[in-house]
Amino acid sequence: MNLHRKGRAALVFALVAVVGMAFRVSWNALRDIAGAVGADDTAAMLYPFVVDGLMALALIATLVLADRDRTFALRVLGAYTAASLVLNYVHGLVPDLHGRTVDWGRLADWDPANWALVLLATSLPVGSIYFGSDLVAKVLHHRPAPIPATVTNTEESTETEMKRSTADLPVSTPTSITPNAAPLPRPVAVGFLKSTLPAKPSPSIAPAPVAPIERRAVAAESTRPRRATGRVPAVAKSTRPKRTPDQLLAEARKVTADWPDAKVTGEGIRRAIHTSPANARSLRDTLLAERARSVEVAG
């Protein structure tokens with residue numbers, strides 16, 4: 001940041017040096033022009049400040065103002081730059097101006113050009129009063145736009161974001177899995193689903209042949225019949241008859257008769273009677289509720 005400020009200061013210093021040297025080069029031409037249009041020695045020495053000085057003022061106003069005011073300052077700067085260029089050009093074309101031997105009010109041999117040049121040279125001081133006052137007023141009444149808070153310290157926030165380590169990022173903690181414990185006894189309405197596929201494969205059965213799939217004629221496809229891509233798995237066809245909810249409950253009671261409460265779990269019931277996980281959980285809740293009621297009655 002300190003190096004950045006030093007670079008800006010050096011740039012401003014270089015600009016001031018260039019403007020000062022350019023003002024010195026243009027001094028003689030503007031002084032001689034002022035003497036040719038009727039200014040005395042003191043006024044001729046001050047005349048360069050009127051033209052080139054307003055150019056410097058317009059340049060500063062351009063750096064401060066914004067929007068339409070900046071456009072106005074740029075136009076003033078361009079107009080006085082062009083006027084100074086024309087007067088310096090005329091001074092280079094008329095050698096008599098260097099020794100101040102030219103006729104008073106005579107800057108060109110052609111009358112229309114002479115009138116235009118005299119009008120330009122005499123109107124610049126009046127324009128400096130008007131435009132200079134307007135520029136100073138605009139600069140004094142200028143209020144810079146507030147900088148949004150999100151833009152402040154953009155470079156620092158970007159650099160901080162890039163240097164962040166992945167270890168600083170929040171890590172999601174997986175939810176702890178508690179072992180399957182016996183739930184609190186509560187009355188449960190027994191609602192069973194139909195038994196689904198068994199967890200363990202049943203005795204293997206010879207697979208039934210599958211007829212080939214008929215294909216309709218489709219353009220740009222082969223007309224050869226396709227063979228069957230696979231056979232139905234043996235476990236997909238179960239020979240176990242469908243059990244009713246009452247049969248499942250009775251079978252679960254029989255299997256878990258000598259089980260302690262801690263062993264009566266959904267997974268244990270599912271493996272013992274080969275039923276679906278949903279049915280096993282419902283059976284578990286029902287059995288535990290029955291055991292709790294029997295303990296209350298016995299107590």
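Rings of Phe, Tyr and Trp (its six-membered ring) pair if their centres lie within 6.5 Å, and planes over 60 degrees apart count as edge-to-face. Keep that rule at hand for the first exercise, and bear in mind that this is a predicted model.

## Exercise 1: the aromatic pairs

Find how many aromatic pairs the rule gives, and classify the pair of Tyr80 and Phe131.

*Solution.*

Step 1. Start with the count: the rule yields three aromatic pairs.

Step 2. Turn to Tyr80 and Phe131. Their ring centres are 6.5 Å apart and their planes meet at 85°, so this pair is edge-to-face.

Step 3. Place the two partners on the chain. Tyr80 sits in helix H3 and Phe131 in helix H4, 51 residues apart, and the pair thus links distant parts of the chain.

Step 4. Check the burial of each partner. Tyr80 counts as buried because its relative accessibility is 5%, under the 20% limit. Phe131, at 26%, counts as partly exposed.

Step 5. Now try the neighbouring pair, Tyr130 and Phe131. With centres 5.1 Å apart and planes at 70°, this pair is edge-to-face. Tyr130 itself is exposed, at a relative accessible area of 53%.

Step 6. Put the rings together: ring pairs join Phe72, Tyr80, Tyr130 and Phe131 into a cluster.

## Exercise 2: the fold and its nonpolar core

Describe the secondary structure of the chain, then work out which elements build the largest nonpolar core.

*Solution.*

Step 1. Count the elements. The chain has eight helices and zero strands, and its pattern along the sequence reads α-α-α-α-α-α-α-α.

Step 2. Look at the chain as a whole. It has 299 residues, 22% of which count as buried. Among contacts with a separation of 6 or more, 68% come from residues 24 or more positions apart.

Step 3. Find the centre of the core. The largest nonpolar core holds 26 residues, and Tyr47, Tyr80, Leu87 and Leu124 touch the most other members.

Step 4. Assign the core to elements. Helix H1 (2-36), helix H2 (41-64), helix H3 (67-93) and helix H4 (111-140) each give two or more residues to it.

Step 5. Look for a further core. Another one lies apart from the largest, with eleven residues, among them Ala252, Val264, Ala280 and Leu287.

Step 6. Return to Tyr80, now as a core residue. Beyond its neighbours within four places in sequence, Tyr80 is in contact with Val50, Val51, Leu54, Met55, Leu124, Gly127, Ser128 and Phe131.

## Exercise 3: the largest pocket

Determine which helices line the largest pocket, and what classes of residue the lining holds.

*Solution.*

Step 1. Take the volume: the largest pocket encloses about 360 Å³ of space.

Step 2. List the lining. It is made of 15 residues, and Ala22, Phe23, Asp52, Met55 and Ser84 are those nearest the centre of the pocket.

Step 3. Sort by element. H1, H2 and H3 each provide at least two lining residues, with the largest share, six residues, coming from H2.

Step 4. Sort by class. The lining has nine nonpolar, five polar and one charged residues.

Step 5. Zoom in on one lining residue, Ser84, in helix H3. Ser84 is buried, with a relative accessible area of 7%. Leaving out residues up to four places away in sequence, Ser84 touches Ser26, Leu30, Val51, Asp52 and Met55.

Step 6. Leu30 also offers a distance to check. Its C-alpha atom and that of Leu46, 16 residues apart along the chain, are separated by 9.4 Å. Leu46 belongs to helix H2 and is partly exposed, at a relative accessible area of 49%.

## Exercise 4: positive phi angles

Compare Asp67 and His274, two residues with a positive phi, by their place and exposure.

*Solution.*

Step 1. Recall the background: most residues other than glycine have a negative phi.

Step 2. Read the angles. Phi is about 60° for Asp67 and about 55° for His274; neither residue is a glycine.

Step 3. Locate them. Asp67 is in helix H3, whereas His274 is in the loop between helix H7 (266-273) and helix H8 (277-298).

Step 4. Finish with exposure. Asp67 is exposed, with a relative accessible area of 66%, while His274 is partly exposed, at 22%.

Note on methods:
Residues are numbered from 1 along each chain as its sequence is written. This is a predicted model: local features need pLDDT of at least 70, side-chain atom pairs count only at pLDDT 80 or more; totals for chains, interfaces and linings use all residues. Side-chain values use heavy atoms; hydrogens and water are left out. A nonpolar core is a set of buried Ala, Val, Leu, Ile, Met, Phe, Trp, Tyr and Cys residues joined through side-chain atoms within 4.5 Å. Buried means under 20% relative accessible area, exposed over 50%, partly exposed in between (1.4 Å probe, protein chains only). Helices (H or I, at least four residues) and strands (E, at least two) are DSSP runs, numbered from the N terminus. Contact means heavy atoms within 4.5 Å. On a 1 Å grid over the protein atoms alone, a cavity is a set of points where a 1.4 Å probe fits but cannot get out, and a pocket is an open set with protein on both sides within 12 Å along at least five of seven lines; lining residues have an atom within 4 Å of a point. Grid points are joined across faces, edges and corners, and a volume is the space filled by probe spheres set on the points. Ala, Val, Leu, Ile, Met, Phe, Trp, Tyr, Cys and Pro count as nonpolar, Asp, Glu, Lys and Arg as charged, and the others, Gly among them, as polar. Rings of Phe, Tyr and Trp (its six-membered ring) pair if their centres lie within 6.5 Å; planes under 30 degrees apart count as stacked, over 60 as edge-to-face and the rest as tilted.
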